[in-house]
Amino acid sequence: MSYAIDQDSESNEPKLTDHSYDGIQEYDNPMPGWWVWLFVGTVLFSGVYWLYFETGVPDRSIFDDYKSHQTSVMTKRFGKLGELKPDAQTILLYSSDPELEKWLAVGESTFLTNCASCHGIDGGGGIGPNLTDDHWKGVQSIGDIANVIKNGANNGAMPAWGTRFNHPNVLVLTSAYIASLRGTTPSNPKAPEGNVIGPWAAGDSTAPSSPAQPAN
Ligand code: HEC
């Protein structure tokens, strides 16, 4: 097999470039045209690709794509639950109705992934307060749980979760899971912080109301 070195048609000698470094010379053997154009093409393509995917237009990045897939998977999983409202009545219902208990698993796994590092795996507290006792710092009634999770507290000591969950129901079900921790016995409870508040109740009244029916 012979290498494709351009040859001088008359002398049959390989063509050389016209420079010489300390007597070392170089064959004049340029890349083939198709290769050069392919290379130019990839450079141009990368520019177009960058403009399309990396300039912050929403719903184009791989992360946005992943998030929207996750949301649609969650929506399918939630099925006839529809979109839950983050209000006191709904949170109370999902925290206490045995029929709906399976949905607390969504809240539990969210808690274990995102919250247990500060609140303890059983809610007993750590950097963050104990969530199992009757003392609460920024929560007066059950509906406040969703507000604290969404907006954070104490200048970000409790981070704001805002829209970081994959589906709005995750906020509601995590709040319900937190509400359900109250009265449980953690292995290593942190000392109480804040004020004693009344039992969980729908609405602002402190009297426990009868659980509402699921909206579906
Ligand atoms: C970086 C640590 C940290 C993480 C992570 C964290 N928290 Fe907190 N959380 C705190 C701190 C600190 C407070 C107390 C804020 C205050 O002083 O009012 C708090 C307060 C709370 C309260 C109100 C408690 C009360 O006594 O009023 C709730 C409810 C809560 N967190 C739930 C959650 C949930 C749910 C998650 C996960 C989605 C979470 N937290 C993740 C640190 C954290």
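Which polar backbone atom is 3.3 Å from an oxygen atom of the ligand? Keep that in mind while you click around; note that this is a predicted model.

**Stop one: the ligand.** Select the ligand and show what surrounds it. The space it takes up is the largest pocket. Helix 5 (116-119), helix 6 and helix 7 are the elements that each give two or more residues to the shell around the ligand. Color helix 6 (142-151), since helix 6 gives the most to that shell, with three residues. The shell counts 24 residues, and Cys115, Cys118, His119, Gly138 and Met158 come nearest to the ligand.

**Stop two: the polar contacts.** Pick Val139 for the opening question: a polar backbone atom of Val139 is the one 3.3 Å from a ligand oxygen. Now go to Asn154, where a polar side-chain atom sits 3.2 Å from an oxygen atom of the ligand. Then click His119, one of the nearest residues: an N or O atom in the His119 side chain is 2.8 Å from a nitrogen atom of the ligand.

**Stop three: Trp200.** Select Trp200 and look at its neighbors. Leaving out residues up to four places away in sequence, Trp200 touches Leu92, Trp136, Val139, Ser141, Ile142, Ile145, Ala179 and Arg182. So you meet Val139 again here, on the list of Trp200 contacts.

**Stop four: the core.** Zoom out to the largest nonpolar core, which has 39 residues; Tyr94 and Trp200 touch the most other members. Color helix 2 (62-78), helix 3 (88-96), helix 4 (104-114), helix 6 and helix 7 (168-181): each supplies at least two residues of this core. End on helix 7, the source of the largest share, nine residues.

Note on methods: Residues numbered from 1 in each chain as written. Predicted model: local features only at pLDDT ≥ 70, side-chain atom pairs only at ≥ 80, totals over all residues. Heavy atoms only, no water. Core = buried A, V, L, I, M, F, W, Y, C linked by side-chain atoms within 4.5 Å. Buried < 20%, exposed > 50% of the residue type's maximum accessible area, 1.4 Å probe, protein only. Helix = DSSP H or I, 4+ residues; strand = E, 2+ residues; numbered from the N terminus. Contact = heavy atoms within 4.5 Å. Near = heavy atom within 4 Å. Polar contact = N/O pair within 3.5 Å; in protein donor to acceptor, adjacent residues only side chain to side chain. 1 Å grid on protein atoms, 1.4 Å probe; cavity = no way out; pocket = protein on both sides within 12 Å on 5 of 7 lines; lining within 4 Å. Sits in = over half its atoms within 2 Å of the grid points.
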